[in-house]
Amino acid sequence: MIVALAGGVGGTKLVLGFSRLLSRDQLTVIGNTGDDLEMFGLRICPDLDTIAYTLGGQVNPETGWGIEQDTFACLKALQQLGAPSWFNLGDRDLATHLWRTSLLQQGHSLTQITEKMCQMLEANCRLLPMTDSYTPTYLVTDQGELHLQEYLIREKCRPVVRDLRYVDTETAAPAPGTSEAILKAEGVFLCPSNPFISIGPILAVPGIRELLVQTDTPVFAITPIVNHRALKGPAAKMLEELGHPVSPVAVAKLYQDFLDVFVLDEQDAQLRKEIEALDLKVIVTNTIMNDDQEKVHLAEILLEML
Ligand code: FO1
């Protein structure tokens, strides 16, 4: 059994690779819920949905999030009413948020709802939210404090990021099953996701980082930075604005206290020695996953190395 820590679209590529090689019982995914937002009274969990839609074969292949061939009639009607419409909620996607919110209101936990969703969508993994609590990520920027989705979508990542706040994580507990999964795992993989907004919120849940430090299980991180650029999203911009070099070495340092193996892209092979000097093992391979075959291939290499 392996555990993958994953954020949104980038991390889900590797999760899909693992899911094609392993059975549901062999793959536990701990998903970031720091991206979650509450809008129109609905609880929206973009990263959990991205993973479930992708593994269930429903995801919009053009965006990597949302549902394939979804329509936006509700969004257009909201626009007409002058309601906020910067977050593109599709009609079918809205069904997920309606269903999830009503179950939460009836007292079901996010863990239970996510398990049911994966079962109904036939998503081949055990998907656990990092916590059952609502712990949204806020960014302290030159334009004030913004919810992560406001920064990503409404403000198109333009504000300068000064700091991050993982709101209410101090009192949150890891979701049931997460700690046991990490302790039982033969390997833990940090997917190639943004270290600040995708992996950072998971590590901020009290107990998760500590477990990774304590466990003898090998912990791998796959680089989200290749050739000075982020594979997806604002990771490079954030590294720079938060005072780090835009380099896989900076990402390795963020995880150094618990990491065993860093997976570097072959385009950055010259950085191997610098990362080995952090007392980490280094694997150099092609980490760019342009199609499903490459996703499965990287997953295969990682499982072989394990
Ligand atoms: N990403 C966008 O770039 N624009 C959107 O309007 C948008 C809406 C959206 C709705 C539901 C959902 O599950 C995801 C959505 N995403 C959208 C993706 C999401 O903002 C991010 O990719 C993740 O939160 C980052 O992991």
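**Notebook: strands, helix α5 and aromatic pairs**

I began with strands β1 (residues 2–6) and β2 (residues 27–31), which pair in the parallel sense over five bridges. Within this pairing I found Ile2 opposite Leu27 of β2. I note at the outset that I am working from a predicted model.

**Entry: the open sheet.** I next traced the sheet to which these strands belong. Seven strands make up an open sheet with parallel pairing, and I read their order as β5-β2-β1-β9-β10-β13-β14. The edges are held by β5 and β14 (281–285); each has a single partner strand, so one side of each has no neighbour in the sheet. I also looked up the turn between neighbouring strands of this sheet: on average it is 20°, direction ignored.

**Entry: a hairpin.** I then turned to strands β6 (residues 137–141) and β7 (residues 144–147), which pair in the antiparallel sense over four bridges. Two residues lie between β6 and β7, and the two strands form a hairpin. For Leu139 I recorded Leu146 in β7 as the bridge partner. As a general reminder to myself, strands of a sheet pair through backbone hydrogen bonds, in either the parallel or the antiparallel sense.

**Entry: helix α5.** I checked the length of helix α5 (residues 110–121) against expectation. Its twelve residues, at 1.5 Å a residue, should span 16 Å, and the end C-alpha atoms are 16 Å apart, which agrees. I then asked which residues of α5 are buried. They are Leu110, Thr111, Ile113, Thr114, Met117, Cys118 and Leu121. These buried residues cover an arc of only 165° around the axis, which puts them on the same side of α5. The general rule I kept in mind is that an α-helix has 3.6 residues a turn, so residues three or four places apart point the same way. On the other side of α5 I found Gln119 and Met120 exposed.

What do the buried residues of α5 pack against? I listed β4 (42–44), α2 (46–55), α4 (91–105) and β5 (126–129). Of these, β5 is also an edge strand of the open sheet described above. Just after α5, I noted that Glu122 takes a positive phi of about 60°.

**Entry: aromatic pairs.** I counted four aromatic pairs in the model. One of them joins Phe18 and Phe189; this pair is tilted, with 5.1 Å centre to centre and 50° between the planes. The pair links distant parts of the chain, as Phe18 sits in helix α1 (residues 9–21) and Phe189 in strand β9 (residues 187–190), 171 residues apart. Both Phe18 and Phe189 are buried. Another tilted pair is that of Tyr255 and Phe258, at 5.8 Å centre to centre and 40° between the planes. I found Tyr255 and Phe258 buried as well. Ring pairs also link Phe18, Phe189 and Phe220 into a cluster.

**Entry: Thr12.** I closed with a residue of helix α1, Thr12. Is Thr12 buried or exposed? Its relative accessibility is 2%, and Thr12 therefore counts as buried, the cut-off being under 20%. Leaving aside residues up to four places away in sequence, I found that Thr12 touches Gly7, Thr50, Ile51 and Thr54. For Thr12 and Ile51, which are 39 residues apart along the chain, I recorded a C-alpha separation of 5.8 Å.

Conventions: Residues are numbered from 1 along each chain as its sequence is written. This is a predicted model: local features need pLDDT of at least 70, side-chain atom pairs count only at pLDDT 80 or more; totals for chains, interfaces and linings use all residues. Side-chain values use heavy atoms; hydrogens and water are left out. The expected span of a helix is 1.5 Å times one less than its number of residues. Buried means under 20% relative accessible area, exposed over 50%, partly exposed in between (1.4 Å probe, protein chains only). The arc is that of the directions from the helix axis to the C-beta atoms. Contact means heavy atoms within 4.5 Å. Two strands pair if DSSP finds at least two bridges between them. Axes are lines fitted to C-alpha atoms, for helices over the stretch in contact, and angles run from 0 to 180 degrees between N-to-C directions. Rings of Phe, Tyr and Trp (its six-membered ring) pair if their centres lie within 6.5 Å; planes under 30 degrees apart count as stacked, over 60 as edge-to-face and the rest as tilted.
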